[in-house]
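Thanks for asking me to look this one over. Please have the sequence and the 3D view open as you read.

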Amino acid sequence: RYLYAAMNDDEVQDTQVFAQELSEAKLRVEWIDAKAARELDSRLSPGLLGGMLHSDCIQMDPYMFTNALAVASRHNGARLINDEAIGLEFFHDRITGVKLSGGDVVHCDTVVLAMGAWCGQAIQKWLNVSLPIGPHALQKLHLRPKGPRLGCAVRWMGTNMVHRSDGLMHLGSKHDDTGFDARPTNDGKEWLLERVHKIFPSLKFTIEEAGAGCGASTPGRVPILGPVGLADGVFVSVASTNGFLLSAFMSDVLTELLVHRHVHPLLSELTSDQAIRRSTDPQLKDI
């Protein structure tokens, strides 16, 4: 269960509108008052006015999930290569392979560029195509709370507070406009701690670790998916800052396109051409 907390009247209104939108999408959500929220966890702030309780949520560790996908892929016949891709190989305008740093070429007739924040640079260098894909630095903290586990995950002011199965509490993320220079900072730590203290003022914890990384930034945070440039057989798949959350959806859309030649109704809004238009036209910011 995920509680989208509201601490003032504006947040109450925004959260209730969001709850209505999710309810219309057939998701299990409900608005609960402050008393009901504190029944989930008595350590929630006395200043809490209520929140949207989302019951259709699951929590997954991206690292463990990716490793599980790798194992499942091997069992289904995939060959995984741990090397650096440094370029693409073509015959005329048709993709024929991926060049590796060791000098080998992985021969293929289809390539999906799914390199997150680094996708924009690779596409520019390898295809001479400029797409509005850049890095978005993120900071997070892992805390070890004292006492019982949180009664629910909480989101407030763009920050997620999630008790993990290993006992640590994920606190993140702070978005920084620092390009590829993603690293933990004291300002970032204080920014994150201020939020957890506001929502859980009586929560005691120790800070176990601070981390930082790069997500992809795209216009309107809308994914970019589909063919890229004039090269036959080259596709791009970039999910913006919600990469892990959107990965399953994007994989299904791309599989349907490449394997079954079925075009998803939303695909026309996710193309690289649309991303370019969205980056220059404010009216196209959102789907």
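Below are a few numbered points on a pocket, the cysteines and a set of paired strands.

1. First, a word on what you are looking at: this is a predicted model. Please read the points below with that in mind.

2. Let's start with the second largest pocket, which holds about 220 Å³ of space. Its lining is made up of Y4, A5, E11, D14, T15, F18, R155, W156, M157 and G158. Sorted by class, that gives 5 nonpolar, 2 polar and 3 charged residues.

3. Which elements each supply at least two residues of that lining? They are β1 (2–6), α1 (9–24) and β9 (153–156). Of the elements, α1 gives the most, with 4 residues.

4. Now the cysteines, in case you are wondering about disulfides: the structure holds 0 of them. C214, for one, is in no disulfide, and the nearest cysteine sulfur, that of C119, is 14 Å away. A disulfide needs the two sulfur atoms within 2.5 Å.

5. Is C152 buried or exposed? C152 has 6% relative accessibility, so it counts as buried. C214, at 23%, counts as partly exposed, because the buried class requires a value under 20% and the exposed class one over 50%.

6. On to the strands. β4 (residues 85–91) and β5 (residues 94–100) run antiparallel and are joined by 6 bridges. One pairing to find on screen is G87 with its bridge partner in β5, K99. The hairpin of β4 and β5 has 2 residues between the strands, and in this hairpin H92 takes a positive phi near 60 degrees.

7. β5 also pairs with β6 (residues 105–107), again antiparallel, through 3 bridges. K99 turns up here too: its bridge partner in β6 is V105. K99 thus links the two pairings, with G87 as a partner and V105 as another. In the hairpin of β5 and β6, 4 residues lie between the strands, and G103 takes a positive phi near 105 degrees.

8. My last stop is H107, which sits in strand β6. H107 has a relative accessible area of 63%, so it is exposed. Leaving aside residues up to four places away in sequence, H107 touches E89, T96 and G97.

9. How far apart are H107 and D14 in space? From C-alpha to C-alpha they are 51 Å apart, with their positions 93 residues apart in sequence. D14 is one of the residues lining the second largest pocket, which brings us back to where this note began.

Notes:
Residues are numbered from 1 along each chain as its sequence is written. This is a predicted model: local features need pLDDT of at least 70, side-chain atom pairs count only at pLDDT 80 or more; totals for chains, interfaces and linings use all residues. Side-chain values use heavy atoms; hydrogens and water are left out. On a 1 Å grid over the protein atoms alone, a cavity is a set of points where a 1.4 Å probe fits but cannot get out, and a pocket is an open set with protein on both sides within 12 Å along at least five of seven lines; lining residues have an atom within 4 Å of a point. Grid points are joined across faces, edges and corners, and a volume is the space filled by probe spheres set on the points. Ala, Val, Leu, Ile, Met, Phe, Trp, Tyr, Cys and Pro count as nonpolar, Asp, Glu, Lys and Arg as charged, and the others, Gly among them, as polar. Buried means under 20% relative accessible area, exposed over 50%, partly exposed in between (1.4 Å probe, protein chains only). Two strands pair if DSSP finds at least two bridges between them. Contact means heavy atoms within 4.5 Å.
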